[in-house]
Amino acid sequence: MTRFIRLLRAPTPDDVGVLAIHSERRSYFYVFREIACDIGGRGFAMHRLGLGPLYHVRVGASAECSCECLGFLSRGHCKHIRGLLALVGHRLI
């Protein structure tokens, strides 16, 4: 399945950022902010707009990536990590 991410608003020290993860069938919109991460990598809190849950996501080297979503817990990878890694890799956040 092809997915892409779009940064709609970059986070600031005083406000959250907004991003969209698009797939072939749906688009999901999230607010997010960076949070402290003492165990390596960068930590983010992501909340899907609407009735979606709050996820804590950690990105960095492969061994440093984790997410609380069911996709990561069952498969070891997810759209949240891939999306944030793309934004970090392009120095957008």
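**Note on the sheet, its second strand and the cysteines**

1. Five bridges connect strand S1 (residues 4–9) with S2, and the two strands run antiparallel. One position on this side can be named: Arg9 stands opposite Val18 in S2. The model is a predicted one, and the points below should be read with that in mind.

2. On its other side in the sheet order, S2 pairs with strand S3 (residues 27–35), again in the antiparallel sense, over six bridges. The link between S2 and S3 is a hairpin of four residues. Within this pairing, Ala20 has Phe29 of S3 as its bridge partner.

3. Is strand S2 enclosed or open to the surroundings? Six of the six residues in S2 (residues 17–22) are buried, so the strand is largely enclosed by the rest of the structure. The burial applies to both faces: Gly17, Leu19 and Ile21 are buried on one side, and Val18, Ala20 and His22 are buried on the other.

4. The pairing continues beyond S3. Strand S4 (residues 42–48) joins S3 through six bridges, and these two strands are antiparallel. Here Arg33 stands opposite Ala45 in S4.

5. Taken as a whole, the sheet is open and has six strands, in the order S1-S2-S3-S4-S5-S6, with antiparallel pairing. S1 and strand S6 (66–67) are the edge strands; each has a single partner strand, so one side of each lacks a neighbour in the sheet. Helix H2 (residues 79–89) packs on the sheet and touches S1, S2, S3, S4, strand S5 (54–59) and S6. The direction of H2 makes about 50 degrees with that of S5.

6. Why is there no bond between the sulfurs of Cys67 and Cys69? The closest cysteine sulfur to that of Cys67 is in Cys69, at 3.7 Å, which is too far for a bond. Seen from Cys69, the closest cysteine sulfur is that of Cys67, also at 3.7 Å and too far. A disulfide requires the two sulfur atoms to be within 2.5 Å, and by this rule the count is zero disulfides.

7. The surroundings of the two cysteines can be stated briefly. Cys67 is buried, with a relative accessible area of 5%. Cys69 is buried as well, and its relative accessible area is 5%.

Technical notes
Residues numbered from 1 in each chain as written. Predicted model: local features only at pLDDT ≥ 70, side-chain atom pairs only at ≥ 80, totals over all residues. Heavy atoms only, no water. Buried < 20%, exposed > 50% of the residue type's maximum accessible area, 1.4 Å probe, protein only. Pairing = 2+ DSSP bridges. Contact = heavy atoms within 4.5 Å. Axes fitted to C-alpha atoms, helices over the stretch in contact; angles between N-to-C directions.
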